[in-house]
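Me: I should like to go through the reasoning behind some descriptions of this structure. Please set each value against its criterion.
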Amino acid sequence: MIDALVTVVVVLACLGVVCALAAARVVKQYERGVVFRLGRLRSGIRGPGFTMITPVFDRLHKVNMQIVTMPVPAQEGITRDNVTVRVDAVVYFKVVDPAEAIIAVEDYRFAVSQMAQTSLRSIIGKSDLDDLLSNREKLNQGLELMIDSPAVGWGVHIDRVEIKDVSLPETMKRSMARQAEADRERRARVINADAELQASKKLAEAAAQMSETPAALQLRLLQTVMAVSAEKNSTLVLPIPVELLRFLERGQEKERPLTAGRTERKPEGAGAESVAGAESVAGAEAAPAADSAAPRAVTEERSVRPVPTLTEREPEPRPTVER
């Protein structure tokens, strides 16, 4: 009898231990426990630590309360300015109501993922390419509002949404590169033009100052020569003043009329026939030239006068030397 009683006590103790182990639950610090008794939600939410449930009748569901980082797959869409792009993003969210996260939606993670993808496609179609590239903060806020509106009923709070990458077609990349290069070249030309304008103004002031003191130009020339010679160059270039070139041009213009009126002289010692022939030729040429200007006719008469020979010239007196 005693042995049977001891056996019953041992069996009951074992059953108690098994039931206690089946009823014991441990909820971690970042989790919350939702208890269902015979399919009905219990009002209390089990906090972190050790808790007990009724075996067989209760079911405990643990809900993670940490912030979840969910990558959104790249979505391809057409922007408002008809450019095809691929955009991917990252969603940060957390559960604020564990009961609603279990009851209101079957799988809140999958629901948030699908809502993020559809919202990302919608935001691509409403935006321009420039907004996707440069105004991402505004798009992130709009995307966060679009996802957070239905997620509130699921007991989920969207912490933030970030657009991670925007993939463009290769043709669009080349076009944008050419546009940026042209813009930089335009700015470089404008800067060079401004520099030339400022330099020209300063040079004009310097020229006006040097015109008052001509010696300053010579000093500037000497300074340039010293700067060039200091580099040990074998070739030295000296600028020629423009006034000197103009003076030489004027001298050439004065010599041109005199050169045009001269003729070749006959050799000395030629016979009377050559002189007479020259006079006849001069007379024949003087007739059509009578209508021309008077200075030219005088110049031609002077040029055809016969040159006296050696025999016609008077002998020069020789000095006598006394011995």
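Me: Why does Gly77 count as buried?
Reply: In this predicted model, Gly77 has a relative accessibility of 16%. Buried means under 20%, so Gly77 counts as buried. Gly77 lies in strand β6 (residues 68–78).

Me: What makes Ile124 a contact of Gly77?
Reply: Contact means heavy atoms within 4.5 Å, and Gly77 is in contact with Val83, Thr84, Val85 and Ile124, leaving aside neighbours within four places in sequence. Gly77 and Ile124 are 47 residues apart in sequence, with a C-alpha to C-alpha separation of 6.2 Å.

Me: Why is helix α3 called oblique to helix α5?
Reply: The axes of α3 (residues 108–126) and α5 (residues 136–151) cross at roughly 140 degrees and come within 9 Å. Roughly antiparallel requires over 145 degrees, and roughly perpendicular 65 to 115; the angle meets neither criterion, therefore α3 is oblique to α5. The crossing is right-handed.

Me: Which residues meet where α3 packs on α5, and how do they divide by character?
Reply: Met115, Ala116, Ser119, Leu120, Ser122 and Ile123 in α3 meet Leu139, Leu143, Met146, Ile147 and Pro150 in α5. The residues of this contact comprise nine nonpolar, two polar and no charged.

Me: Where in the protein chain is confidence lowest, and where is it highest?
Reply: The lowest mean pLDDT, 40, belongs to helix α9 (residues 272–286), and the highest, 92, to strand β7 (residues 84–95). Over residues 263–305 the pLDDT is below 50, and this stretch has 10 contacts in the model beyond near neighbours in sequence. Where pLDDT is low, predicted coordinates should not be read in detail.

Terms used: Residues numbered from 1 in each chain as written. Predicted model: local features only at pLDDT ≥ 70, side-chain atom pairs only at ≥ 80, totals over all residues. Heavy atoms only, no water. pLDDT = per-residue confidence, 0-100. Helix = DSSP H or I, 4+ residues; strand = E, 2+ residues; numbered from the N terminus. Buried < 20%, exposed > 50% of the residue type's maximum accessible area, 1.4 Å probe, protein only. Axes fitted to C-alpha atoms, helices over the stretch in contact; angles between N-to-C directions. Parallel < 35°, antiparallel > 145°, perpendicular 65-115°, else oblique. Left-handed = near helix turned anticlockwise from the far one by under 90°. Nonpolar A, V, L, I, M, F, W, Y, C, P; charged D, E, K, R; others polar.
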